[in-house]
Amino acid sequence: MNRILIVEDETHLAEGLRFNLEAEGYGVRVVDNGEEALALLPAGEAPFDLVVLDIMLPGIDGFSVVTELRRREQFVPVLILTARGRPEEVLRGFECGADDYLSKPFELAILLARIRGLLRRREWLARAAAPEPAAPPEVYRFADVIIDFTTLEIRARGEKHQLTLMEANLLRYLVQHEGRAVSRKAMIEDVWGLREDTDTRPIDNFIVRLRRYIEREPSRPRYLRTVRGVGYRFVAQPED
Ligand code: CA
């Protein structure tokens, strides 16, 4: 769940925003002044995914809040709300380090679209920044299993099986991300090259087949593990 901090001193507006954002599935916290907002946003990993920031606030104003956030290297996305969209406020907001703006009064649908846009871009950036682990070698061994990704052959406990190309690609992907939970969405996008809203159930059938090759007891997998609600995780050296 994405968490949004609303910094707004007009109680009616703040509570209306809270209501609508919570209805969209966001976690919402409201504060009515900039000092409190800064106290909630130290440097480093932000406890919020986005800040909706009013400019005219009691105490320090929104410009000062966003300036201070960026000074302390807190790069949480900030959407500023400006009164009547005065151009000088908009320009100053961007100069201070805001990511987007909306002028009051605003259409709720537009605000929601702007929020989704900022959150999406943040996710893309995070994905681009995460280092991809190195591909496994062409011949990969673990436990009593040898996989040859060039011939698509897998040997386990003296038995040899021929993998299909997609079985091999999926297995290579899981091995590449050894130890990490891999979502069905990631597999569909990265292995099959399909969009995330594609039916992901075929993946489960692939896993069933791979387990038959790899696991001693396919019904009690030790290497190709299920991660409930997410997908699967390959573990080369299980501790149990
Ligand atoms: Ca205000």
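In this predicted model, aspartate 54 is well out of the solvent's way: with a relative accessible area of 4%, the residue is buried. Aspartate 9 comes out as partly exposed, at a relative accessible area of 32%. Both residues hold on to the calcium ion, whose protein donors are Asp9 (OD), Asp54 (OD) and Met56 (O), sitting 2.1 to 2.3 Å from the metal. Read along the chain, the calcium donors follow the spacing D-x44-D-x1-M. Aspartate 9 belongs to the loop between strand E1 (3-7) and helix H1 (11-23), while aspartate 54 belongs to strand E3 (residues 50-54), so the pair ties together parts that are 45 residues apart in sequence.

E1 and E3 also turn up side by side in an open sheet of five strands, ordered E2-E1-E3-E4-E5 and paired in parallel. At the edges are strand E2 (27-31) and strand E5 (100-104), each of which pairs on one side only. From one strand to the next, the twist averages 20 degrees. Five bridges join E1 and E2 in the parallel sense, and valine 7 has valine 31 in E2 as its bridge partner. Helix H3 (residues 62-71) packs on this sheet, where it touches E3 and strand E4 (78-83), and its direction makes about 150 degrees with that of E3. Helix H4 (residues 87-96) packs on the sheet too, touching E4 and E5, with its direction at about 160 degrees to that of E4. At the E5 edge, the pairing of E4 with E5 is again parallel and runs over five bridges; there, leucine 81 finds its bridge partner in leucine 102 of E5. Leu102 is on the covered face of E5 together with Asp100 and Lys104, whereas Tyr101 and Ser103 make up the uncovered face.

The other sheet to look at is an open one of four strands, in the order E6-E7-E8-E9, and here the pairing is antiparallel. E6 and strand E9 (159-162) take the edge positions with a single partner strand each, so one side of each has no neighbour in the sheet. The twist in this case averages 15 degrees from one strand to the next. In the middle, strand E7 (residues 145-148) and strand E8 (residues 153-156) pair in the antiparallel sense over four bridges, with isoleucine 147 bridged to isoleucine 154 in E8. Helix H8 packs on the sheet and touches E6, E7, E8 and E9, its direction making about 50 degrees with that of E8.

H8 also has a part in the aromatic picture. The structure holds six aromatic pairs. One of them joins phenylalanine 142 and tyrosine 223, edge-to-face, at 5.3 Å centre to centre and with 65 degrees between the planes. Phenylalanine 142 is in strand E6 (residues 139-142) and tyrosine 223 is in the loop between helix H8 (201-214) and strand E11 (224-227), so this contact links parts 81 residues apart in sequence. Both rings are tucked away: phenylalanine 142 is buried at a relative accessible area of 4%, and tyrosine 223 also counts as buried, at 10%. A further edge-to-face pair is made by tryptophan 192 and phenylalanine 206, with 5.1 Å from centre to centre and 80 degrees between the planes. Tryptophan 192 comes from the loop between helix H7 (184-190) and H8, and phenylalanine 206 from H8 itself, so the parts tied together are 14 residues apart in sequence. Here the partners differ in exposure: tryptophan 192 is partly exposed at 22%, but phenylalanine 206 is buried at 13%. Phe142 and Tyr223 also belong to one aromatic cluster with Tyr140 and Phe234.

The ring of phenylalanine 206 has a charged neighbour as well, with arginine 209 lying over its face at 4.6 Å from the ring centre. Both residues meet again around glutamate 167, which is placed in helix H6 (residues 165-176). Leaving aside neighbours within four places in sequence, glutamate 167 contacts Gln162, Phe206, Arg209, Leu210 and Tyr213. At 2% relative accessibility, this glutamate counts as buried.

How values were computed: Residues are numbered from 1 along each chain as its sequence is written. This is a predicted model: local features need pLDDT of at least 70, side-chain atom pairs count only at pLDDT 80 or more; totals for chains, interfaces and linings use all residues. Side-chain values use heavy atoms; hydrogens and water are left out. Rings of Phe, Tyr and Trp (its six-membered ring) pair if their centres lie within 6.5 Å; planes under 30 degrees apart count as stacked, over 60 as edge-to-face and the rest as tilted. Helices (H or I, at least four residues) and strands (E, at least two) are DSSP runs, numbered from the N terminus. Buried means under 20% relative accessible area, exposed over 50%, partly exposed in between (1.4 Å probe, protein chains only). A charge sits over a ring if NZ of Lys or CZ of Arg is within 6 Å of the ring centre and within 35 degrees of the ring normal. Donors are N, O and S atoms within 2.8 Å of the metal (3.2 Å for Na, K and Ca); water is not among the atoms, so sites may look incomplete. Two strands pair if DSSP finds at least two bridges between them. Axes are lines fitted to C-alpha atoms, for helices over the stretch in contact, and angles run from 0 to 180 degrees between N-to-C directions. Contact means heavy atoms within 4.5 Å.
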